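Visitor: Hi! Could you walk me through this one? I'd like to start where the two chains meet.

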Amino acid sequence: MNDRPAASRIPIIKIGTHLIVPIQVDMTDQMVNDLQINVLAAIERTGARGVLIDISVLEMVDSFIGRMLSGIARMASVMDAAVVIVGMQPAVAITLVELGLEMKGIDYALNIEDGMVLLDQRLQESEA
Amino acid sequence: MIVPDHEQVLDRLPLKAEIDIVYIRQLVRQRGKEHGMGLIDQTRITTAASEVLRNMYVYAKGGETTISLVSVKGRSGLLVTCRDQGPGIRDIQLALQDGYSTVNSLGSGLPGARRLVDCLELESEVGRGTTVQLLKYLP
């Protein structure tokens with residue numbers, strides 16, 4: 001099969017006060033669980049104020065992945081960091097709504113560039 | 001249950017490990033694509049399959065999936081059938097109800113999956129196992 005997920009973990013890259021999380025593979029549930037823990041650990045370790053999760057490669061977000069993403073956003077907010085999801089494919093957005101999944105507490109942006117601007121705004125708002 | 005007028009089995013796949021959920025859902029998408037399904041419908045049936053496969057893995061520790069090209073009432077479609085020999089479902093109506101789950105997973109899985117396909121059929125016998133069929137018509 002194409003795109004068999006590697007056993008590797010999802011990278012978490014620190015840029016300034018933000019973390020960039022590019023999800024590049026169709027994740028197993030274990031990878032999804034690990035991602036949540038690793039992102040929160042990275043926030044604690046780096047003191048990051050914003051997390052940008054790029055899901056542009058994901059061809060599907062089911063209820064498990066959706067709940068994980070909204071869980072990361074809620075937990076990060078408790079740790080005083082904002083989360084922005086970027087690059088959701090239109091077919092994924094349609095399917096998520098039809099699935100009936102409410103992903104509360106998440107901000108969305110079209111691409112990484114817009115997502116960074118949104119995170120900077122959130123940071124300024126919280127400091128104002 | 002959906003009884004097709006004609007069925008051509010494309011794939012018969014065991015679900016034994018968690019990674020098989022990923023492998024099978026990717027193959028469902030590929031089969032849909034090969035048979036003319038549009039991107040949004042591919043995503044719908046792939047997502048629905050992922051929900052059902054996860055249930056099968058979590059509750060029954062595994063099972064078997066077949067992907068078939070079928071004809072139902074004169075229309076062709078892609079049928080995904082997931083069979084397990086797990087504990088079965090005591091109350092099917094409840095399992096298909098929004099917000100219900102026995103493992104505290106918020107329960108959007110099965111009712112959500114049902115909204116994504118043209119037909120979802122569920123048959124279960126307590127102590128024997130569960131079969132879930134997902135049908136998406138082809139354009």
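Guide: Happy to. In this predicted model, A:Thr95, A:Glu98 and A:Leu99 of α3(A) meet B:Gly112, B:Arg115 and B:Leu116 of α4(B).

Visitor: What classes of residue make up that contact of α3(A) with α4(B)?

Guide: By class, the contact has two nonpolar, two polar and two charged residues.

Visitor: And at what angle do the two helices pack?

Guide: Helix α3 of chain A, residues 90-99, and helix α4 of chain B, residues 109-116, pack at about 125°. Their axes are 8 Å apart.

Visitor: What do you call that, then, and which hand is the crossing?

Guide: At about 125°, α3(A) and α4(B) are oblique to each other, because the angle lies outside the ranges for roughly perpendicular, 65 to 115, and roughly antiparallel, over 145. The crossing of α3(A) past α4(B) is right-handed.

Visitor: Let's stay with α4(B). How many of its residues are buried?

Guide: Six of the eight residues of α4(B) are buried, so the helix is largely enclosed by the rest of the structure.

Visitor: Which ones are they?

Guide: They are B:Gly109, B:Leu110, B:Gly112, B:Ala113, B:Arg114 and B:Leu116. Two of those names came up a moment ago: B:Gly112 and B:Leu116 also meet α3(A).

Visitor: What do those buried residues pack against?

Guide: Elements from both chains. From chain A there are α2 and α3. From chain B there are α2 (39-60), α3 (92-95), β4 (119-125) and β5 (129-137).

Visitor: Zooming out to the whole interface: how many residues are in contact?

Guide: 22 residues of chain A are in contact with 24 residues of chain B.

Visitor: Which helices of chain A each supply at least two residues to that side?

Guide: On the side of chain A that touches chain B, α1 (29-46), α2 (63-78) and α3 each supply at least two residues. Helix α3(A) gives the most, with six residues.

Visitor: And the classes on that side of chain A?

Guide: The side of chain A that touches chain B has nine nonpolar, five polar and eight charged residues.

Visitor: New topic: the chains themselves. What is chain A built from?

Guide: Chain A has four helices and five strands. From the N terminus on, they run β-β-α-β-α-β-α-β-α. The radius of gyration is 14 Å, close to the 14 Å that the globule rule gives for 128 residues, so chain A is as compact as a globular protein of that length.

Visitor: What box do its C-alpha atoms fill?

Guide: Roughly 50 × 30 × 25 Å, taken along the principal axes of chain A.

Visitor: And what is the pattern in chain B?

Guide: Chain B has four helices and five strands, and along the sequence they follow β-α-α-β-β-α-α-β-β. A compact globule of 139 residues would have a radius of gyration near 14 Å, and the 14 Å of chain B agrees with that. The C-alpha trace of chain B spans about 35 × 30 × 25 Å along its principal axes.

Visitor: How much of each chain is buried?

Guide: In chain A, buried residues make up 35% of the 128 residues. In chain B, they make up 40% of the 139 residues.

Visitor: Last one: what share of the contacts joins residues at least 24 apart?

Guide: Counting contacts between residues at least 6 apart in sequence, 77% in chain A join residues at least 24 apart. In chain B, the share is 69%.

Terms used: Residues are numbered from 1 along each chain as its sequence is written. Chains are lettered from A and ligands numbered from 1 in the order in which they are written. This is a predicted model: local features need pLDDT of at least 70, side-chain atom pairs count only at pLDDT 80 or more; totals for chains, interfaces and linings use all residues. The radius of gyration is taken over C-alpha atoms; the globule rule is 2.2 Å times the number of residues to the power 0.38. A residue is buried if 20 or more other C-beta atoms lie within 10 Å of its own, exposed if 12 or fewer, and partly exposed in between; C-beta atoms are placed from the backbone. Two residues are in contact if their C-beta atoms, placed from the backbone, lie within 7 Å. Axes are lines fitted to C-alpha atoms, for helices over the stretch in contact, and angles run from 0 to 180 degrees between N-to-C directions. Angles under 35 degrees count as roughly parallel, over 145 as roughly antiparallel, 65 to 115 as roughly perpendicular and the rest as oblique. A crossing is left-handed if the near helix is turned anticlockwise from the far one by less than a right angle, and right-handed if clockwise. Ala, Val, Leu, Ile, Met, Phe, Trp, Tyr, Cys and Pro count as nonpolar, Asp, Glu, Lys and Arg as charged, and the others, Gly among them, as polar.
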